[in-house]
Amino acid sequence: MNFLKDDCYQPANMNCFCIEFHFDGRRRGFHASQLIEYTLEPNPDAKNDDGGQAQAAPDKLTFAFSTADVVVLGWRLDRLADRLSENKLAVVGILPKRYADFDRNKPFVASIKIEPLAKGVTPGATSE
């Protein structure tokens, strides 16, 4: 799937059965039924203590799948969360930084990180 030059996600017209992530020349997909929860929150690393503009992405969208956790950092990620809640988010991908301010009304994904869960570990469980 090719992204339009200024879009970092592709919505589905109907209900989406799989959510795919494109990054570093790779594609990784998860069945939508594996999604346990998602969280959109401010990125704690984006805070700037010296009063200047923060360089890190201000939004953090976390997907908790049954087999992995996915962390997406970017700007204006509320649109992705809206599509996700409607079960219409098909693909999320990283765009080059030059498109970050191309259209300040569109979301922009700066990074995607996928952390597989260890086998036999329940999501959210802690070991001491």
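Strands, and helices likewise, are DSSP runs numbered from the N terminus, a strand being a run of at least two residues. With that numbering, the loop between β5 and β6 (68–75) can be located, and S66 has its place there. The model on screen is a predicted one.

**Confidence**

Begin by colouring the protein chain by pLDDT. Its mean is 83, and 80% of the residues reach 70 or more. Select residues 1–6 next: pLDDT stays under 50 over this stretch, for which the model has 19 contacts beyond four places in sequence. Where pLDDT is low, the predicted coordinates should not be read in detail. Then compare two strands. Strand β5 (residues 59–65) has the highest confidence, at a mean of 97, whereas strand β1 (residues 9–11) has the lowest, at 84.

**S66**

Select S66, in the loop that follows β5 and precedes β6. Its relative accessible area is 37%, so S66 is classed as partly exposed. Now add L35 to the selection. The two residues stand 31 places apart in sequence, yet the C-alpha to C-alpha distance between S66 and L35 is 6.5 Å.

**The aromatic rings**

Display the aromatic side chains next; the whole structure holds six aromatic pairs. Select F21 and F65: the ring centres are 6.3 Å apart and the planes stand at 80°, which makes the pair edge-to-face. This pair links distant parts of the chain, since F21 belongs to strand β2 (residues 18–23) and F65 to strand β5, 44 residues away. F21 is buried, at a relative accessible area of 0%, and F65 is buried as well, also at 0%.

Keep F65 selected and add F30. Here the ring centres are 4.4 Å apart and the planes at 15°, so F30 and F65 form a stacked pair. F30 is in strand β3 (residues 26–31) and F65 in strand β5, so the pair ties together parts 35 residues apart in sequence. Both F30 and F65 are buried. To see the wider arrangement, add F63: ring pairs link F21, F30, F63 and F65 into a cluster.

**L84**

Finally, move to helix α1 (residues 78–85) and select L84. What is its state, buried or exposed? L84 has a relative accessible area of 8% and is therefore buried, the limit being under 20%. Show its neighbours as well: leaving aside residues up to four places away in sequence, L84 touches I19, L35, Y38, F63 and L89. For Y38, a distance label between C-alpha atoms will read 8.7 Å, although L84 and Y38 are 46 residues apart in sequence. Two of these neighbours have appeared at earlier stops: L35 beside S66, and F63 in the ring cluster.

How values were computed
Residues numbered from 1 in each chain as written. Heavy atoms only, no water. pLDDT = per-residue confidence, 0-100. Helix = DSSP H or I, 4+ residues; strand = E, 2+ residues; numbered from the N terminus. Contact = heavy atoms within 4.5 Å. Buried < 20%, exposed > 50% of the residue type's maximum accessible area, 1.4 Å probe, protein only. Phe/Tyr/Trp six-rings, centres within 6.5 Å; stacked < 30°, edge-to-face > 60°.
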